[in-house]
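User: I would like to learn how to read the features of a protein–DNA model. Please take me through them one at a time.

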Amino acid sequence: MRSDNFFQDVYDVVRLIPRGRVTTYGAIAAYLGATRSSRMVGWAMNASHSQHDIPAHRVVNRQGMLTGKMMFAYPMQMQELLESEGLRVKDDRVEGFDLFFWDPVMELNQ
DNA sequence: TGTGTGACGGGCG
DNA sequence: TCGCCCGCCACAC
């Protein structure tokens, strides 16, 4: 479901992330065929402010860190949203990140 | 029209 | 293992 809009593609993928699961900027970029454009995924998320149907809190960096929490209404919101889905966050990092990692390249595209 | 910048990631020394 | 550098590209000024 690739569109001609990179941002829209990013949003489409993010919306598919299951509740209680997380993915990374790089994974999304790779799924969109732009492995080296992970920065653009972050940029797209930054622009997702206006959209309220984007679970941006489920997107973290490859270390499972909540690097984008400062962009939320208030910093702790990102952690609170993740915890409300059953995840645990410690020192701005998702505990057991590997276990909850949702890879669009593996889960979709089949 | 040109330039700087950014919720990143991978490669290299 | 750690730090630095570079690619990448849409967008704001």
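Analyst: Start with the term "near": a residue is near a molecule or strand if one of its heavy atoms lies within 4 Å of it. This is a predicted model, in which local features need pLDDT of at least 70, side-chain atom pairs count only at pLDDT 80 or more, and totals for chains, interfaces and linings use all residues. Residues are numbered from 1 along each chain as its sequence is written, chains are lettered from A and ligands numbered from 1 in the order in which they are written, and side-chain values use heavy atoms, with hydrogens and water left out.

User: Which residues surround DNA strand C?

Analyst: Phe-7, Arg-36, Ser-37, Arg-39, Met-40 and Trp-43 surround DNA strand C. Sugar or phosphate accounts for 59% of the strand C atoms within 4 Å of the protein, and bases for the rest. For classes, Ala, Val, Leu, Ile, Met, Phe, Trp, Tyr, Cys and Pro count as nonpolar, Asp, Glu, Lys and Arg as charged, and the others, Gly among them, as polar. The surface near strand C then has three nonpolar, one polar and two charged residues.

User: Which element gives the largest share of the surface near DNA strand C?

Analyst: Elements come from DSSP runs: helices are H or I with at least four residues, strands are E with at least two, and both are numbered from the N terminus. Helix H3 (residues 38–46) gives the largest share near strand C, three residues.

User: How do I read the polar contacts to strand C?

Analyst: A polar contact is a pair of N or O atoms within 3.5 Å; within protein, one must be able to donate a hydrogen and the other to accept it, and residues adjacent in sequence count only if both atoms are side-chain atoms. Arg-36 uses a backbone N or O atom, 3.2 Å from a sugar or linking oxygen of strand C. Ser-37 places a polar side-chain atom 3.3 Å from a sugar or linking oxygen of that strand. Arg-39 reaches a base: a polar side-chain atom lies 2.7 Å from a base oxygen of strand C.

User: How many residues surround DNA strand B?

Analyst: There are 17, and the closest are Tyr-25, Ser-38, Arg-39, Arg-62 and Gly-68. Of the strand B atoms within 4 Å of the protein, 48% belong to sugar or phosphate and the rest to bases. By class, this surface has seven nonpolar, eight polar and two charged residues.

User: Which contacts should I look at there?

Analyst: Take Arg-39: an N or O atom in its side chain is 2.5 Å from a base nitrogen of strand B. A polar side-chain atom of Ser-38 lies 2.8 Å from a base oxygen of strand B. Met-45 uses a backbone N or O atom, 3.4 Å from a base nitrogen of strand B. H2 and H3 are the elements that give two or more residues to this surface. H3 gives the most, with seven.

User: Now the core. What is the general idea?

Analyst: In soluble globular proteins, nonpolar side chains tend to be buried together. Buried means under 20% relative accessible area, exposed over 50%, and partly exposed in between (1.4 Å probe, protein chains only). A nonpolar core is a set of buried Ala, Val, Leu, Ile, Met, Phe, Trp, Tyr and Cys residues joined through side-chain atoms within 4.5 Å.

User: Which residues touch the most other members of the largest nonpolar core?

Analyst: Val-10, Val-14, Ile-28 and Met-45 do, in a core of 27 residues. Helix H1 (6–15), helix H2 (25–31), H3, strand E2 (59–60) and helix H4 (76–83) each supply at least two residues of this core. H1 gives the largest share, four residues. Contact means heavy atoms within 4.5 Å. Leaving aside neighbours within four places in sequence, Ile-28 is in contact with Val-10, Val-13, Val-14, Thr-23, Val-41, Val-59 and Pro-104.

User: How do I read aromatic pairs?

Analyst: A pair of aromatic rings is described by the distance of the centres and the angle of the planes. Rings of Phe, Tyr and Trp (its six-membered ring) pair if their centres lie within 6.5 Å; planes under 30 degrees apart count as stacked, over 60 as edge-to-face and the rest as tilted. The count here is two aromatic pairs. Phe-7 and Tyr-11 are edge-to-face, at 6.4 Å centre to centre and 75° between the planes. Both lie in helix H1, four residues apart, about one turn of the helix. Tyr-11 is buried because its relative accessibility is 4%. Phe-97 and Phe-101 form a tilted pair, at 5.6 Å and 45°.

User: And phi?

Analyst: Most residues other than glycine have a negative phi, and most peptide bonds are trans. Asp-91 has a positive phi of about 55° although it is not a glycine. Asp-91 sits in the loop between strand E3 (89–90) and E4. At 66% relative accessibility, Asp-91 counts as exposed. Asp-92 has a positive phi near 65°. Asp-92 is partly exposed, at 27%.
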